[in-house]
Amino acid sequence: MTFDPTSPVALTQSLIRCPSVTPEEGGALALLDSVLGRAGFSVERPVFSEPGTPDIENLYARIGRGGRCLLFAGHTDVVPTGEAAAWAHDPFSGEIADGLLYGRGAVDMKGGIACKLAATLAFLRERPDFDGSIAFLITGDEEGPAINGTVKLLDWARAQGEHFDHCLLGEPTNPNRLGEMIKIGRRGSLTGTVTVHGRQGHVAYPHRAENPIPGLLRLCSGLIAEPLDGGTAHFDASNLEFTTIDVGNPATNVIPASAKAVFNIRFNEGWSAESLGAEIRRRLDGAAGNVVRYSLDLQPSNSPAFLTQPDAFVDLVAGAIEAETGLKPALSTTGGTSDARFIKDACPVVEFGLVGETMHQVDECVAVADLERLTAIYRRVLDGYFPSASA
């Protein structure tokens, strides 16, 4: 090891230099294994499989067996770089220029993992006999299908008798400035396809055909005629968006046999996938009447809406953020899904990480100063979660 693992900048650079484009491990988990093992953690790297999906290597590490257990969770896999020539800096170099550290995964989320690890190692050097346990649960399958990653790793940990009291997930939660936002929940996601069935025919003889397109327009209008809800205390109103409407008809003189629309709904905790599916069917039946023949295909959803109720742990994280940044973070449930949707079944989970402005983009980068500040925030969380006997 040629770098100081308590330096979040050096550790972020080393992780970025591991080309762990999902589903490849790329050396990133091996690097964490080495650092955590040297610090006294017990480390295991289970591999999970599922037919039709790539095998995924994961990492679980823990130090301490008693007291409360704080879980740090995250992922080392990253999205592809796109055209590497479009980057001003090699996407796997970890190069620093003008106070910014560049590379794929800099903010999503190798930087966040580095900050957690650096803060933990510094904490352990000063408090080797702390009363409690710290665990790291790191997957290589968050940016991929999310089948052989966190969800199975949690099941594996549960089977080993592992227990967690709270989790801090390091996804990039801040829109513009470090300290703006904590995620205390996520909206659910449900995708469906509605297909209207007609009868193909010549456009000059419409009485011999049944055009499905007017029927599809009728059903789509029925789905969005009324809001799904008005939102809740911590969530915006549930929202349905059509993502594609397809007929697949290359001919201008043929009435097509079918037409379909795909939609996605991001929903709040007032719905489950099952209750929302029932409401979609109710609206479609009402719009179809006895006129439109249709079928509905709802994809299985592993993305329920959930909320971590604001409590002492949320207050601890928010207080650490405010102490280091001067900002009082908003408690938010916006954005897409994350692995928090799996972790919430194991323990209360909140998300706080870096600024996500450049995630998944060309020239993804993080301010070096933000890495230092985020490490200081995580260190404050550790100190507050495991108070010393003299405190």
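This passage describes a helix pair, a salt bridge, some backbone features and a surface patch in a predicted model.

A good place to start is the packing of two helices. Two packed helices are described by the angle between their axes and by the distance between those axes. Helix α7 (residues 312-325) and helix α9 (residues 368-385) have axes that come within 9 Å and cross at roughly 140 degrees. Because angles over 145 degrees would count as roughly antiparallel, this value makes α7 oblique to α9. The crossing of α7 and α9 is right-handed. On the α7 side, the contact is made by F313, L316, V317, A320, I321, A323, E324 and T325; α9 contributes R373, A376, I377, R380, V381, G384 and Y385.

Turning to charged pairs, side chains of opposite charge can pair when their charged atoms come close. The structure holds 18 salt bridges. One pair is R45 with D33, where the closest N and O atoms are 3.1 Å apart. This pair links distant parts of the chain, 12 residues apart: R45 sits in the loop between β1 (42-44) and β2 (47-50), and D33 belongs to helix α2 (residues 28-38).

The backbone also deserves a look. T22 and P23 are joined by a cis peptide bond with omega of about 10 degrees, and P23 lies in the loop between α1 (8-16) and α2. The peptide bond from D108 to M109 is cis as well, with omega near -15 degrees; M109 is placed in the loop between β7 (100-102) and α3 (110-126). In the loop between β6 (96-97) and β7, D98 is a non-glycine residue with a positive phi, near 55 degrees.

Finally, on the surface, I213, L217 and V247 form a nonpolar patch with about 220 Å² of accessible area together. Of these residues, L217 is found in helix α5 (residues 212-224).

Note on methods
Residues numbered from 1 in each chain as written. Predicted model: local features only at pLDDT ≥ 70, side-chain atom pairs only at ≥ 80, totals over all residues. Heavy atoms only, no water. Patch = residues over 30% accessible without salt bridge, like charges linked within 9 Å, V, L, I, M, F, W, Y side chains within 5 Å. Areas by Shrake-Rupley, 256 points an atom, 1.4 Å probe, with all protein chains shown as cover. Salt bridge = Lys/Arg side-chain N within 4 Å of Asp/Glu carboxyl O. Helix = DSSP H or I, 4+ residues; strand = E, 2+ residues; numbered from the N terminus. Axes fitted to C-alpha atoms, helices over the stretch in contact; angles between N-to-C directions. Parallel < 35°, antiparallel > 145°, perpendicular 65-115°, else oblique. Left-handed = near helix turned anticlockwise from the far one by under 90°. Contact = heavy atoms within 4.5 Å.
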